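Biologist: Could you pull up the model and walk me through it? I'd like to go straight to the details.

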Amino acid sequence: MDRYFDKLDERWQALPVRKQHQYTLYFFVGYLLLTAGVIFKVWYDTSKSGNDMIIEHIENPVLKKNGSPARLQDSVSTILKNQIYERK
């Protein structure tokens, strides 16, 4: 891998400085266009009127089940008690 990068660096150094500058400028312009495109896309998506966020309270799914809430909240201690006092 190091040999590959060394060869690549040698090829880059062999190019005239004017050509290096030209390639660097092309890569920078491409990067600038890509960045501007992403920023425009984010701005466009966030400016749509249909992007509303609804904030609601979080509901515990365990309490939604049919059953006594007191029994559901105390289920761990009930399980432990059943295991301790279980008849054999």
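Biologist: Is Trp43 buried or exposed?
Modeller: Keep in mind that this is a predicted model, so the value is computed from it. The cut-off for exposed is over 50% relative accessible area. Trp43 comes out at 54%, so the verdict is exposed.

Biologist: Which ring does Phe40 make a tilted pair with, and what is the plane angle?
Modeller: Phe40 is itself exposed, at 51% relative accessibility. Its partner sits 3 residues away in helix α2, about one helical turn. The ring centres are 5.7 Å apart, and a tilted pair is one whose planes are neither under 30 degrees nor over 60 apart. That fits Phe40 with Trp43, whose planes are at 40°.

Biologist: And how does the ring of Phe40 sit against that of Tyr44: stacked or edge-to-face?
Modeller: Phe40 and Tyr44 are 4 residues apart in helix α2, again about one helical turn. Their ring centres lie 6.3 Å apart, inside the 6.5 Å limit for a pair. The planes are at 20°, and under 30 degrees counts as stacked, so this pair is stacked.

Biologist: Which residues do the ring pairs link into a cluster?
Modeller: The protein has 3 aromatic pairs by the rule used here. Tyr44, which is partly exposed at 42% relative accessibility, belongs to the cluster. The linked residues are Phe40, Trp43 and Tyr44.

Biologist: What does the side chain of Asp45 meet in a salt bridge?
Modeller: The count for the protein comes to 1 salt bridge. Both of its residues are in helix α2, 4 residues apart, or about one turn. Asp45 is partly exposed at 25% relative accessibility, and its partner is partly exposed too, with a relative accessible area of 46%. The nitrogen-to-oxygen distance is 3.1 Å, and the partner is Lys41.

Biologist: Which residues make the nonpolar surface patch of about 500 Å²?
Modeller: Residues need over 30% relative accessible area to join a patch. Leu25, in helix α2 (residues 17-47), clears that bar because its relative accessible area is 45%, which is partly exposed. The full set is Leu25, Phe28, Val29, Leu32 and Leu33.

Biologist: What does UniProt say about residues 23-44, and how far apart are the end C-alpha atoms of that span?
Modeller: An unreviewed UniProt entry annotates residues 23-44 as "transmembrane region", and such annotations may be inferred rather than shown by experiment. In the model the span is 100% helix and 0% strand. Its end C-alpha atoms lie apart by 31 Å.

Biologist: What span should helix α1 have, and what does the model give?
Modeller: Helix α1 covers residues 2-14, which makes 13 residues. The expected span is 1.5 Å times one less than the number of residues, so it should be 18 Å. The end C-alpha atoms agree with that, at 18 Å.

Biologist: How many residues of α1 are buried?
Modeller: Buried means under 20% relative accessible area. Helix α1 lies largely in the open because, of its 13 residues, the number buried is 0.

Biologist: Zooming out, what share of the protein's residues count as buried?
Modeller: The secondary structure comes to 5 helices and 0 strands, running α-α-α-α-α from the N terminus. The accessible surface is about 9,500 Å², with 61% of it belonging to carbon and sulfur atoms. Of the 88 residues, the buried share is 1%.

Methods: Residues are numbered from 1 along each chain as its sequence is written. This is a predicted model: local features need pLDDT of at least 70, side-chain atom pairs count only at pLDDT 80 or more; totals for chains, interfaces and linings use all residues. Side-chain values use heavy atoms; hydrogens and water are left out. Patches are made of residues with over 30% relative accessible area and no salt bridge: like charges are joined within 9 Å, nonpolar side chains (Val, Leu, Ile, Met, Phe, Trp, Tyr) within 5 Å. Accessible areas come from the Shrake-Rupley method with a 1.4 Å probe; for residues, only the protein chains shown count as cover. A salt bridge is a side-chain nitrogen of Lys or Arg within 4 Å of a carboxyl oxygen of Asp or Glu. Helices (H or I, at least four residues) and strands (E, at least two) are DSSP runs, numbered from the N terminus. Buried means under 20% relative accessible area, exposed over 50%, partly exposed in between (1.4 Å probe, protein chains only). Rings of Phe, Tyr and Trp (its six-membered ring) pair if their centres lie within 6.5 Å; planes under 30 degrees apart count as stacked, over 60 as edge-to-face and the rest as tilted.
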